[in-house]
Amino acid sequence: ALVGPADFLGRVPVLSSTGERRRVSVQHLTDALRAGIDTAEAPRVDAALDLAGLPAGRARRRAHHGLLTRRLHGRPMGGGTLIRAAPHASPLAQARDAGILGPLGIALVARVLATVLSLGGWVLIGQGALAGRLSPGWLGGWCLLLLTGLVFGRLVALAQGEAAIRAGVWTKQVLLRGAMASDPEQWRREGPGGALARVGESQAIEDLVLTGGLEAVLAIVDLCAATWVLTQGAAGLPLAATFALGVAITGVAAMRLVTLRGRWTAHRRGLTAMLVERMAGHRTRLAQSEAARIHDGEDDALEAYLAAFLPLDRLRIATGALLGGGWTLFALVVLAVPFVLHGGSSVGMAVSIGGILLGQAALSTIGARLDGLASAVVSGREVGPL
């Protein structure tokens with residue numbers, strides 16, 4: 001019995017006849033399932049290869065495998081059972097069944113290791129340069145740490161992409177299952193325009209997952225690392241408090257962004273519903289409505305849509321300025337004041353600047369995905385009935 005999709009290493013979880021859970025390779029599983037069909041079709045393939053005069057060897061084995069695969073294309077095969085989580089199971093159980101948690105865990109661990117190695121490399125090169133003993137050994141160790149960090153960074157990208165693809169498939173399955181089980185009367189009340197607008201909102205969730213929403217979640221690791229680095233440098237506590245204040249302002253801006261985007265989405269859904277309904281009843285409206293009143297209500301709807309969009313756009317600009325570099329300028333002022341008045345070590349200054357850069361990178365990552373996160377939250381509410 002197959003109890004889940006393949007993991008990050010290409011193994012699938014199966015239950016044996018004794019109820020024991022094991023993980024086998026995909027190739028081993030497919031070979032076991034098609035063994036009976038292969039046995040029946042193999043003599044015909046061998047006869048065709050003999051007729052073609054293909055001698056034994058690697059080329060014959062490849063041709064045998066290719067022809068056999070072509071003959072089996074579309075043929076049903078038995079011998080196995082698919083077991084999936086129940087539709088009413090918890091989201092965590094369904095995510096585990098969809099194979100999302102494995103790649104996500106690998107991405108999180110690899111991100112932590114990549115951040116630690118990157119910090120270690122810069123500490124190594126910083127101590128060597130500031131202490132005046134930058135030997136080839138220090139440079140070699142720094143390069144080794146950076147290269148290892150790049151390997152873990154690549155692993156993060158691969159695991160994140162795998163998790164995003166699985167999460168996208170799972171989202172579509174959940175929406176399809178909910179749509180098939182929904183009450184038809186609800187869709188009749190909303191009409192085709194309202195139903196189309198509601199289904200269209202589901203695309204924002206998948207777009208967020210596939211275009212880097214997980215990157216914003218993984219940026220939490222960088223936030224924690226930046227906070228720790230800032231406490232170790234010059235003006236540690238004031239600088240860390242400034243960074244915490246920037247993160248808090250980002251959280252408040254995110255909640256406000258969700259509120260404004262929710263209002264704007266409601267107007268957008270209304271426009272979509274109006275467009276579809278008026279297109280569907282266009283001929284009836286031409287026959288029954290006065291020509292001077294055929295576009296009544298459209299200007300009001302557009303004006304309300306624009307009025308809801310303007311505060312959202314202003315908040316986007318302000319948030320982008322804060323997360324795109326505004327915090328860095330403020331942090332440098334906080335760092336420069338005690339350094340100018342009381343002096344400080346160059347090592348502490350270098351550590352603080354490194355922490356500022358790391359914190360700014362994390363805030364920039366979150367800022368780039370903040371609007372998508374807010375859109376996904378609002379869309380999640382819209383497709384909640386599904």
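What share of the 386 residues of the chain count as buried? In this predicted model, the figure is 35%. The chain holds twelve helices and two strands. Read along the sequence, the two strands come before the twelve helices. Contacts often link distant parts of the sequence. Among contacts with a separation of 6 or more, 73% join residues 24 or more positions apart. The accessible surface of the chain is about 22400 Å². Carbon and sulfur atoms supply 66% of that surface.

One residue, F243, was examined in detail. F243 sits in helix α9, which spans residues 236-280. Its relative accessibility is 1%, so F243 counts as buried; the cut-off for buried is under 20%. Which residues does F243 contact, leaving aside its neighbours within four places in sequence? They are L223, A226, T227, L230, W327, G359 and L363. F243 and A331 are 88 residues apart along the chain. Even so, their C-alpha atoms are separated by 7.7 Å.

Attention then turned to empty space. Rolling a probe the size of a water molecule over the atoms reveals where such space is left. The second largest pocket has a volume of about 440 Å³. It is lined by 22 residues, and A1, L2, V14, L29 and L33 are the closest to its centre. Three elements each give two or more residues to this lining: β1 (11-15), β2 (21-25) and α1 (26-33). The largest share, six residues, comes from α1. By type, the lining of the second largest pocket divides into 13 nonpolar, seven polar and two charged residues.

Methods. Residues are numbered from 1 along each chain as its sequence is written. This is a predicted model: local features need pLDDT of at least 70, side-chain atom pairs count only at pLDDT 80 or more; totals for chains, interfaces and linings use all residues. Side-chain values use heavy atoms; hydrogens and water are left out. Helices (H or I, at least four residues) and strands (E, at least two) are DSSP runs, numbered from the N terminus. Buried means under 20% relative accessible area, exposed over 50%, partly exposed in between (1.4 Å probe, protein chains only). Contact means heavy atoms within 4.5 Å. Accessible areas come from the Shrake-Rupley method with a 1.4 Å probe; for residues, only the protein chains shown count as cover. On a 1 Å grid over the protein atoms alone, a cavity is a set of points where a 1.4 Å probe fits but cannot get out, and a pocket is an open set with protein on both sides within 12 Å along at least five of seven lines; lining residues have an atom within 4 Å of a point. Grid points are joined across faces, edges and corners, and a volume is the space filled by probe spheres set on the points. Ala, Val, Leu, Ile, Met, Phe, Trp, Tyr, Cys and Pro count as nonpolar, Asp, Glu, Lys and Arg as charged, and the others, Gly among them, as polar.
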